[in-house]
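This report describes a ligand site and a helix that contributes to it. Please consult the sequence and the structure shown below while reading.

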Amino acid sequence: MMKSGGSRLEQILRSGRQAITAEIGPPKHSSPEKIIGHTNMLRGFVDAANITDCQSAVVRMSSISAAVHIMGSGIEPVIQITCRDRNRIAIQSDLLGAYSLGVRNVLCLSGDHQIFGNHPTAKNVYDIDSIQLIHLTRRMRDERLFFSGEQIREHEPRFFIGAVANPFADPFAYQVDRLEKKIDAGAEFIQTQCIYDLERFTRFMEMCVERGIHERAFILAGVTPLKSWRAAKYMQDCVPGITVPEKIILRLKNAEDPKAEGISVCTEQIKFIRENIKGLSGFHIMAISWEEVVPEIIKGAGLYPRQ
Ligand SMILES: Cc1cc2nc3c(=O)[nH]c(=O)nc-3n(C[C@H](O)[C@H](O)[C@H](O)COP(=O)(O)OP(=O)(O)OC[C@H]3O[C@@H](n4cnc5c(N)ncnc54)[C@H](O)[C@@H]3O)c2cc1C
């Protein structure tokens, strides 16, 4: 049964079809031109596009404004909302506003700490965390209540609610517990952190299937193509909670055309996951600052044409 007020992503997933989503990073300026360009490239290849919320704690165009631009160009947005920069009043206000503009999907996150971004001395908020944000969004929809308990008398926002999982953060088993808590709070779709360590992801999904987690939420496997061995090394050394196996770094280092090799690695990963790992409902492609390669990856992985 559909819970949102008309999310196409929800409709696809509830019908049992595999969904493909891609990430679009809003620009560090006020022109929508680039986002619209990326949307035009992705149209017909993805079922929805996630709009990040100042990822890596770097100032960018707001995810809600960017969502309006991509909707205007024909792709359904998933807005990402973090708890880093807004308290519960501002978040609820943004949820009402985003819904009024036609947004139907939201991905609830705690968010990268500001220390990693371009304003490391900024004051953070973290009034609530990702699990409370999920709970708040679900309660606004299903119980027509604000966080305070006050009633929403009419026009409650009816979002399809998502969250992230990180199978590569430690301690390992705790990541499955945390995912389950997010689902208990109301998360209905899950997008994972970028997968490179297929062995560990296999174990993570086995634990999810054993616990029936895949039957309570739609899990989309997150993949990110790498442009060069330096990008791979950066992911491995500088991004907490991401593991890039040495064999992938070497493969990119020895490649004549590292970008083409990076695309091959990504399509091979998708094929491996599709053929060997149970419990998944689709893929989330995060081609960070490289959105133009997404159609090639989708075609190469045998995921095109979309049904
Ligand atoms: C697909 C995806 C998209 C993302 N998009 C964005 C974005 O747009 N903007 C942005 O700023 N960041 C983004 N991030 C980064 C994300 O916010 C961080 O990776 C975060 O650490 C994990 O997800 P979360 O926000 O849901 O955190 P949570 O699951 O809420 O947890 C935050 C961290 O704290 C740890 N933690 C939580 N509770 C406890 C506890 N009680 N004891 C010990 N440790 C605890 C968790 O293990 C985790 O490492 C994204 C990540 C992913 C995977």
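## Ligand shell and helix α6

In this predicted model, the residues of the shell around the ligand comprise five nonpolar, nine polar and five charged. Of the 19 residues around the ligand, those that come nearest are Gln 80, Ser 110, Ser 130, Arg 178 and Lys 182. Strand β3 (77-82) and helix α6 each supply at least two residues of this shell, and α6 gives the most, with three residues.

Polar contacts with oxygen atoms of the ligand include the following.

| Residue | Protein atom | Distance to a ligand oxygen atom |
|---|---|---|
| Gln 80 | polar side-chain atom | 2.8 Å |
| Ser 110 | side-chain N or O atom | 2.5 Å |
| Gly 111 | backbone N or O atom | 3.0 Å |

On its own the ligand has 930 Å² of accessible area, of which the protein covers 69%.

Helix α6 has 14 residues (residues 172-185); at 1.5 Å a residue it should span 20 Å, and its end C-alpha atoms are 21 Å apart, which agrees. Phe 172, Gln 175, Val 176, Leu 179, Glu 180, Lys 182, Ile 183 and Ala 185 are the buried residues in α6. An α-helix has 3.6 residues a turn, so residues three or four places apart point the same way. The buried residues of α6 pack against two helices, α5 (130-142) and α7 (198-210), and against two strands, β5 (160-165) and β6 (189-192). Lys 182 thus appears twice in this account: Lys 182 is buried in α6, and Lys 182 is among the residues that come nearest to the ligand. After α6 comes Gly 186, whose phi is positive, near 135 degrees.

Notes:
Residues are numbered from 1 along each chain as its sequence is written. This is a predicted model: local features need pLDDT of at least 70, side-chain atom pairs count only at pLDDT 80 or more; totals for chains, interfaces and linings use all residues. Side-chain values use heavy atoms; hydrogens and water are left out. Helices (H or I, at least four residues) and strands (E, at least two) are DSSP runs, numbered from the N terminus. The expected span of a helix is 1.5 Å times one less than its number of residues. Buried means under 20% relative accessible area, exposed over 50%, partly exposed in between (1.4 Å probe, protein chains only). Contact means heavy atoms within 4.5 Å. A residue is near a molecule or strand if one of its heavy atoms lies within 4 Å of it. A polar contact is a pair of N or O atoms within 3.5 Å; within protein, one must be able to donate a hydrogen and the other to accept it, and residues adjacent in sequence count only if both atoms are side-chain atoms. Accessible areas come from the Shrake-Rupley method with a 1.4 Å probe; for residues, only the protein chains shown count as cover. Ala, Val, Leu, Ile, Met, Phe, Trp, Tyr, Cys and Pro count as nonpolar, Asp, Glu, Lys and Arg as charged, and the others, Gly among them, as polar.
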